[in-house]
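Biologist: I want to learn how to read empty space in a protein model. Can you take me through it?

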Amino acid sequence: MIVRRVPVLDVIQREAVVLDGGPRDYDALLSMVGKRAFVLLGEASHGTHEFYAMRADITRRLIEEAGFDAVAVEADWPDAYRLNRYVHGEGDTDIDDAFGDFQRFPTWMWRNQDVRDFIAWLHDHNAGHPERSQVGFYGMDLYSLYRSAEAVVEYLKGVDPEQAQAAQRLYVGLDHVRDAQDYGYEAAFGLRPSCRDDAAAMLTDLVRNKQNYLSLDGKAAQEEQFFAERNAYVVLNAEHYYRAMFGGRTNTWNLRDGHMVNTLAALRKHLQAAGRPGRIVVWAHNSHLGDARATQMGERGEWNVGQLLREQFGAENTLLVGFTTFTGHVTAARDWDAPAERRWVRPGREDSCERLLHDAGMDRMFLPLNAALADPLAAPLLERAIGVVYRPETELASHYFTTSLSAQFDALFHIDETTAVEPFEITEHWSQHEAPETYPFGL
């Protein structure tokens with residue numbers, strides 16, 4: 001192990017850019033962007049302050065210096081669109097109200113101080129620019145089955161009341177009293193009719209009538225029609241997703257990431273149709289944004305956003321950037337729907353990329369995965385992925401997968417010790433953060 005790692009460490013130390021917290025920390029990354037349409041900024045967990053703050057700092061520079069005109073995040077379409085309206089000076093006038101639709105677990109994933117700071121900046125940035133050069137904020141996930149169905153009906157009430165009634169009749173199979181997983185279970189096992197055909201019919205009608213709806217109010221009509229059309233796609237794909245959860249034949253991960261890529265492609269097309277560059281910064285977990293073909297995920301037949309964007313738009317048009325940490329604290333729950341806690345992240349395993357980067361001896365660094373590192377970092381290593389649940393007692397099985405790092409990402413940021421993102425709602429569970437196991441309990 002030591003014989004194999006020493007040459008790798010030498011190359012890492014030679015190629016890495018040490019981050020000192022100064023204004024030029026991201027120059028090396030910006031120099032890699034060129035004319036790419038997509039810059040994907042990952043995270044090794046959904047609850048780490050540094051990942052959110054660094055992505056926000058990088059995104060500011062991409063907007064100001066490289067002309068990116070949209071930010072797409074791993075959030076539900078209608079929830080994020082309320083923030084999109086806010087950053088354009090529409091809808092809510094209070095920033096905290098604009099976060100009001102993020103009510104589903106895990107709320108801290110977007111209702112946190114780092115995202116709030118970025119949204120405040122984006123709102124002020126847009127206020128100083130003409131409408132044609134303002135930047136949007138969008139969600140690309142598909143969990144909002146019912147909220148998206150309601151949004152489609154609400155849109156149609158304003159432009160086509162008769163069609164709104166038809167939508168209500170079509171969507172009645174979803175049964176708004178129950179939650180999405182209840183619907184998926186009952187539809188999968190024949191306890192209720194599937195709403196898939198009705199959802200597809202609704203989307204077809206919405207697209208067919210698009211030009212009639214757009215004749216109403218210029219750009220405002222275009223934005224609202226696009227919002228409604230994407231909500232109709234969410235209903236169609238979310239219905240499939242929740243039904244597939246219990247069907248046992250379809251990979252729901254692939255359905256979800258395929259939907260995200262479909263959303264990104266539609267967003268780019270929408271922006272370009274309005275005369276915009278259509279350059280998008282994407283925020284999501286490493287497991288979505290690194291190329292799945294280089295990981296254990298690909299071995300079991302899973303694809304992801306990073307892989308699909310490379311395939312559909314070309315590797316020369318996408319930049320995949322990972323973020324890792326060796327130890328520290330993270331905001332995460334012990335179980336799904338459990339309270340958010342500030343949990344201690346165990347040091348990276350000996351056979352992990354986190355340990356390798358830690359051993360390089362640089363607390364904060366940027367690593368372009370260039371030709372010099374292609375072979376040294378091609379060998380399989382473990383990589384840690386913490387979502388919204390952290391289970392250190394089963395960490396190897398629950399949070400690690402194998403990867404070829406240089407094929408998974410184009411570049412990597414490593415922060416050796418990180419801190420937990422701060423949620424809007426500070427509870428007693430979060431305030432009493434978990435101490436490292438080496439803490440001197442006897443004191």
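Biologist: How many cavities of 30 Å³ or more are there?

Modeller: Start with the general idea. Rolling a probe the size of a water molecule over the atoms shows where empty space is left. This is a predicted model. Here the count comes to two cavities of 30 Å³ or more.

Biologist: How much space lies in the largest cavity?

Modeller: About 80 Å³. Its lining includes Ala44, Phe51, Thr325, Glu354, Arg384 and Thr418. By class, that lining has five nonpolar, five polar and two charged residues.

Biologist: Which strand gives the largest share of the lining of the largest cavity?

Modeller: Strand S6, residues 318-332, with three residues.

Biologist: Which strand does S6 pair with in the parallel sense?

Modeller: S11, over seven bridges. Thr325 has Ile415 in S11 as its bridge partner. Thr325 also lines the largest cavity.

Biologist: What pairs with S11 in the antiparallel sense?

Modeller: Strand S8, residues 364-368, over five bridges. Here Arg364 has Ile415 as its bridge partner. Strand S11 spans residues 411-418 and is mostly covered, with seven of its eight residues buried.

Biologist: Now the pockets. How much space lies in the largest pocket?

Modeller: About 1400 Å³. Of the 47 residues lining this pocket, the closest to its centre are Tyr143, Tyr241, Arg256, Trp336 and Val388.

Biologist: How do the residues of that pocket's lining divide into nonpolar, polar and charged?

Modeller: The split is 23 nonpolar, 12 polar and 12 charged.

Terms used:
Residues are numbered from 1 along each chain as its sequence is written. This is a predicted model: local features need pLDDT of at least 70, side-chain atom pairs count only at pLDDT 80 or more; totals for chains, interfaces and linings use all residues. Side-chain values use heavy atoms; hydrogens and water are left out. On a 1 Å grid over the protein atoms alone, a cavity is a set of points where a 1.4 Å probe fits but cannot get out, and a pocket is an open set with protein on both sides within 12 Å along at least five of seven lines; lining residues have an atom within 4 Å of a point. Grid points are joined across faces, edges and corners, and a volume is the space filled by probe spheres set on the points. Ala, Val, Leu, Ile, Met, Phe, Trp, Tyr, Cys and Pro count as nonpolar, Asp, Glu, Lys and Arg as charged, and the others, Gly among them, as polar. Helices (H or I, at least four residues) and strands (E, at least two) are DSSP runs, numbered from the N terminus. Buried means under 20% relative accessible area, exposed over 50%, partly exposed in between (1.4 Å probe, protein chains only). Two strands pair if DSSP finds at least two bridges between them.
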